[in-house]
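Q: Got a minute to go through this one with me? I'll jump around a bit.

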Amino acid sequence: MNQKYSRLFESFTFRSGITMKNRIVMAPMTTYSSNDDLTISDDEVKYYKHRVNGVGLVITGCTHVTPNGQGFTNEFAGYNDEFTPSLRKLAEAAKSGGAPAILQIFHAGNKAIPGLDAVSVSALKAENVNPFEISVETRELAHEEILSIIRAFGDTTRRAIEAGFDGVEIHGAHGFLIQNFWSPSTNQRTDQWGGSLENRLRFPLAIIEEVKNVIEKHATKPFILGYRFSPEESSKVDGLRLKDTYELIDNLVEQDLDYIHASLFDMSIKPVNSQDEKTWLELILERANGKVPVMAAGSIITPDDALKTMELGLPLVAIGHTLIMNPDWVEKVANGREAEITSELNVSKLDQLNIPEGLWNTIQASPGWFNIGK
Ligand SMILES: Cc1cc2nc3c(=O)[nH]c(=O)nc-3n(C[C@H](O)[C@H](O)[C@H](O)COP(=O)(O)O)c2cc1C
């Protein structure tokens with residue numbers, strides 16, 4: 001290995017006591033490839049097994065905690081006990097490389113797939129800001145329903161424990177239900193779940209409390225709890241801004257979490273209307289100020305990219321689409337073969353990548369980050 005990368009290979013121990021052998025995390029990525037009954041498919045097992053051998057921590061794609069919280073087609077489910085064997089199959093695949101594995105839990109809110117009884121914090125109109133921000137019309141959740149969704153996050157956490165996962169990540173990012181509650185642009189409620197900052201935070205904090213209670217009650221060994229957020233709703237005039245995220249971070253710091261996870265798209269992005277040179281990443285790190293470990297994902301391609309973020313103070317570096325294209329990214333860096341890391345998805349090598357069909361179809365329909373080459 002090129003010694004300058006040794007920092008990426010330092011171990012890291014979470015507050016719960018679980019240790020990562022290095023600082024590279026497999027970012028949560030949906031594979032659109034469950035069986036039609038929403039159980040984990042054999043292709044998904046192969047996809048994970050191929051990518052989990054080098055990384056220090058695995059975070060699975062999201063699973064919905066209630067039937068109407070499904071955000072993607074063929075997204076594996078975790079909303080009742082019948083799915084526990086399927087979750088166990090995923091946990092075994094995700095842990096097969098020796099790294100701890102975390103189940104990402106969420107509810108899609110107004111970004112649920114069409115055809116469900118779509119619900120959110122308020123009655124929201126369908127809104128298509130861009131191809132990545134498609135939403136459906138929702139009805140407003142009743143108070144009792146909110147309480148039941150909070151319990152559903154706890155129930156799926158219990159299933160994660162029973163299935164053998166080492167933790168859960170609460171997905172509070174990407175404009176899904178938790179962010180619908182937190183965002184002043186979608187939260188139009190006037191009861192205790194809306195209005196003031198304290199009220200808009202009530203739902204995410206209640207989920208954290210419920211999940212912690214379940215961990216306390218059911219986990220027989222250390223279990224990681226993380227929380228993912230998006231720093232801003234840049235495309236919305238009245239959307240969340242970094243000043244709101246500062247409030248969120250301040251509250252999350254009080255929660256004794258194992259980590260907070262910033263979903264950044266790109267590490268070089270600066271806040272909306274920023275007058276200053278600092279990026280989202282630098283400002284988030286400043287605000288967290290070492291009080292809670294920060295993880296971030298956003299267009300890390302080379303080990304130099306990863307190193308640069310660590311030099312800014314980021315302890316945990318998550319890698320997403322690059323790991324789809326380079327399943328053995330970590331092994332390549334560890335063996336001094338980083339020059340072989342590609343930022344292109346070569347169609348001629350597709351059969352060597354174990355990309356499930358549903359994911360491949362999605363990549364082709366919306367290549368985005370994926371630079372598709374011959
Ligand atoms: C195919 C695909 C599926 C994704 N699914 C999820 C998901 O289930 N949950 C989530 O929080 N983020 C999801 N993301 C976002 C990634 O976790 C990550 O934040 C984003 O891709 C930026 O990191 P990257 O540039 O390293 O890919 C997904 C990204 C991709 C490319």
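Q: Which ligand atom does the Gln-104 side chain lie 2.8 Å from?
A: A nitrogen atom of the ligand; the partner is a polar side-chain atom of Gln-104. Polar contacts here are pairs of N or O atoms within 3.5 Å; within protein, one must be able to donate a hydrogen and the other to accept it, and residues adjacent in sequence count only if both atoms are side-chain atoms. This is a predicted model: local features need pLDDT of at least 70, side-chain atom pairs need 80 or more, and totals for chains, interfaces and linings use all residues. Numbering runs from 1 along each chain as its sequence is written, and side-chain values use heavy atoms, without hydrogens and water.

Q: What lies 2.6 Å from an oxygen atom of the ligand?
A: A polar side-chain atom of Thr-30 does. A backbone N or O atom of Ser-299 also lies 2.6 Å from an oxygen atom of the ligand.

Q: How much of the ligand's accessible area does the protein cover?
A: 93% of the 600 Å² that the ligand has on its own. Areas come from the Shrake-Rupley method with a 1.4 Å probe; for residues, only the protein chains shown count as cover.

Q: How many residues surround the ligand?
A: 19, with a heavy atom within 4 Å as the cut-off. Pro-28, Thr-30, Arg-228, Ser-299 and His-321 are the closest.

Q: And by class?
A: Eight nonpolar, 10 polar and one charged. Ala, Val, Leu, Ile, Met, Phe, Trp, Tyr, Cys and Pro count as nonpolar, Asp, Glu, Lys and Arg as charged, and the others, Gly among them, as polar.

Q: New topic. Where is Ser-230?
A: In the loop between β9 (224-229) and α7 (242-253). Helices (H or I, at least four residues) and strands (E, at least two) are DSSP runs, numbered from the N terminus.

Q: Is Ser-230 buried or exposed?
A: Buried, because its relative accessibility is 9%. The cut-offs are under 20% for buried and over 50% for exposed, with partly exposed in between (1.4 Å probe, protein chains only).

Q: What does its side chain reach at 2.8 Å?
A: The side chain of Ser-230 reaches the backbone nitrogen of His-174. Leaving out residues up to four places away in sequence, Ser-230 touches Ala-173, His-174, Gln-179, Thr-245 and Ser-263 (heavy atoms within 4.5 Å).

Q: Switching to α2. Which elements do its buried residues pack against?
A: α1 (42-51), β4 (57-64), β5 (101-106) and α3 (143-163). Buried residues of α2 (84-94) include Leu-87, Leu-90 and Ala-91.

Q: How many helices and strands in the chain?
A: 12 helices and 14 strands. Buried residues make up 57% of the 374 residues.
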